[in-house]
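Me: I should like a close look at a single part of this structure, set in the context of the whole chain. Please give the account as one connected answer.

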Amino acid sequence: MEESDPGIVPMNQLNKVGLQATKEAGEGRAGAKENSSSSSMPPTQSGTSMFQGLWRVREAAKRNNKIRLSALLHHVTTSFLRDCFYALKRQAAPGVDGVTWQEYEQDLEARLTGLQSGIHRGAYRAQPSRRVYIPKADGRQRPLGIAALEDKIVQQAVVSLLEPIYEEDFLGFSCGFRPGRGPHAALDALTVSIERMPVKWILDADIRGFFDNVDHEWVMKFVQHRVADRRVLRLIQKWLKAGVSEDVQWSETKIGTPQGAVVSPLIANIYLHYVYDLWIHAWRRKVARGAVVTVRYADDLVVGFQYREDAERFQEELQTRLAKFGLELNTDKTRLIEFGRRAERDRKRRGEGKPETFNFLGFTHSCGRHRKGYFSLWRKTTRKRMVAKLRQIKQQLQQRRHEPIPVVGKWLQQVVTGYYNYHAVPGNLTSLSLFRARLSRIWRHQLRQRGDQRKIAWTKFARICLRYLPSPRTLPPHPYQRFNVTHPRWEPYA
């Protein structure tokens, strides 16, 4: 696809706001390897990636970050939709149509043929999302929007079309819901930045109700910076305006994008790319006096500063920046704290206590010392995250109380292994051991509630735990090891 291709038109002069910022190579660091390796899409039924058919789209976007691509929807064929269908979670809850993944598969080819025809004829209509609530770690309820199955398929198709384009635009400190950039990538980047850079202040920022306050008009303006295919733009508008259904009552959605929708993470990243990423990328080079580092995972932000004056000015200007786009900081959760290699020494000299801690992606970060004496960033599982997980397991154990011990043991083994896969970061073994010990007591208590197990001895139960509950151990590599692989020529501002 060449620039003279009729499928690509020049960037409209009105859509140039914020696009002067360069990509990763211009940020003073090497591009992350995962950006050019593979898509987040899983392999198709044939064992190949859907992304392989879109290489020309990505190459066109890579050559010029100011072109708008106008010919995209023709990639959506029946075969493409089939791959999108098999990329969906098979056990996901149904939407308002009540159709499950297994039911849709029974007459798959006929359904996909009709869906593909409806998309290209403009006859496709988005259905409202089904509103459900899930408990949060702090006891509140998080609203989720479950889309109908055909909406999920079409959303997955559009995400697959747009992802190659925006992966060429997104900056390196944006880590949420991107290929090869999971939460551990964000945690690694934060650890390396704080330990290597002269960070003395941390702004732990929280955007109040981000997904509920995304402005639809701004979404469409931002997408049009890169997409000129009117059919794709109409699809996005349909999902934004589809509304939600709760207790059989439909309500219009004038702002926001439902959490849980396939397309919502990409919309969130596009929105914050223009609202936050490009802005802070320019701010730290043109305004800041000292070093500034940042990591963003979806709407979770952490910013490190060398000087307090920069931190206070940035926090004030960030509030103004967000307000322009219908967002605001949650003042109850946003904190500016003294943190870093010199924080403990400076606070001790002033007669103050230890440096405060902050939470990010389920871990409490604190200032510590390596056994050799130099500064080290310590991470342990947040208390709320551990308590919420144990409470969830306890409820499920109550429901499975009378199942055979081997059955429950194998289930717990999978649960604990999954928990370790995320939380077994270097330096967190104490928290993992505490989690296993508390889980053991909860399980023993449930076994004692069974009529035939009231007097189960600790010695016998210890053998059961040894068999089914894995012992904690560090699983991911050290942050420096993984970060140096993905950023072999690391420089400041990564």
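In which loop is Gln91 found? Please begin there, and then go on to the salt bridges, the nonpolar cores and the second largest pocket.

Reply: The model is a predicted one. Within it, Gln91 is found in the loop that runs between helix H2 (78-87) and helix H3 (101-105). Its relative accessibility is 71%, so Gln91 counts as exposed. The C-alpha atom of Gln91 is separated by 8.6 Å from that of Gln102, and the two residues are 11 residues apart along the chain.

The setting of this loop is a protein chain with 17 helices and 13 strands. Of the 494 residues of the chain, 51% count as buried. Among contacts with a separation of 6 or more, residues 24 or more positions apart account for 73%.

The salt bridges may be taken next. The structure holds 19 of them. One joins Glu168 to Arg58, with the closest N and O atoms 2.4 Å apart. This pair links distant parts of the chain, since Glu168 lies in the loop between helix H5 (149-166) and helix H6 (183-196), whereas Arg58 belongs to helix H1 (residues 55-63), 110 residues apart. Both Glu168 and Arg58 are buried.

Glu167 forms a salt bridge as well, with Arg178 as its partner and 3.0 Å between the closest N and O atoms. Glu167 and Arg178 each lie in the loop between H5 and H6, so the salt bridge ties together parts that are 11 residues apart in sequence. Glu167 has a relative accessibility of 5% and therefore counts as buried, the limit being under 20%. Arg178 is buried too, with a relative accessible area of 5%.

A further salt bridge brings together the side chains of Asp346 and Arg349, at 3.3 Å from N to O. Both residues lie in helix H12 (residues 343-349), where they are 3 residues apart, about one turn of the helix. Asp346 is buried, with a relative accessible area of 4%, whereas Arg349 is exposed, with a relative accessible area of 59%. Through salt bridges that share partners, Lys200, Arg345, Asp346 and Arg349 are joined into one network.

From charged pairs the account passes to the nonpolar interior. In soluble globular proteins, nonpolar side chains tend to be buried together. In this model, the largest nonpolar core has 80 residues, and Leu162 and Phe314 are those with the most contacts inside it. Helix H10 (residues 264-286) gives the most to this core, contributing 13 residues. When residues up to four places away in sequence are not counted, Phe314 touches Leu203, Tyr276, Trp279, Ile280, Trp283, Val303 and Phe305. Another core lies apart from the largest one; it has 26 residues, among them Val293, Val295, Cys367 and Phe375.

The second largest pocket holds about 440 Å³ of space. It is lined by 20 residues, of which Leu377, Trp378, Arg379, Pro426 and Gly427 are the closest to its centre. H6, strand S12 (363-369), strand S13 (375-381), helix H15 (429-448) and helix H17 (479-486) each supply at least two residues of this lining. S13 gives the most, with 5 residues. By residue class, the lining of the second largest pocket divides into 6 nonpolar, 10 polar and 4 charged residues.

One more site completes the account. Lys389 is found in helix H13 (residues 383-399). At 25% relative accessibility, Lys389 counts as partly exposed, because this value falls between the limits of 20% and 50%. Leaving aside residues up to four places away in sequence, Lys389 touches Val415, Tyr419 and Phe435. Lys389 and Phe435 are 46 residues apart in sequence, and their C-alpha atoms are 9.3 Å apart in space.

To return to the part first asked about, Gln91 lies in the loop between H2 and H3 and is exposed. Lys389, by comparison, is in helix H13 and is partly exposed.

Note on methods
Residues are numbered from 1 along each chain as its sequence is written. This is a predicted model: local features need pLDDT of at least 70, side-chain atom pairs count only at pLDDT 80 or more; totals for chains, interfaces and linings use all residues. Side-chain values use heavy atoms; hydrogens and water are left out. A salt bridge is a side-chain nitrogen of Lys or Arg within 4 Å of a carboxyl oxygen of Asp or Glu. Helices (H or I, at least four residues) and strands (E, at least two) are DSSP runs, numbered from the N terminus. Buried means under 20% relative accessible area, exposed over 50%, partly exposed in between (1.4 Å probe, protein chains only). A nonpolar core is a set of buried Ala, Val, Leu, Ile, Met, Phe, Trp, Tyr and Cys residues joined through side-chain atoms within 4.5 Å. Contact means heavy atoms within 4.5 Å. On a 1 Å grid over the protein atoms alone, a cavity is a set of points where a 1.4 Å probe fits but cannot get out, and a pocket is an open set with protein on both sides within 12 Å along at least five of seven lines; lining residues have an atom within 4 Å of a point. Grid points are joined across faces, edges and corners, and a volume is the space filled by probe spheres set on the points. Ala, Val, Leu, Ile, Met, Phe, Trp, Tyr, Cys and Pro count as nonpolar, Asp, Glu, Lys and Arg as charged, and the others, Gly among them, as polar.
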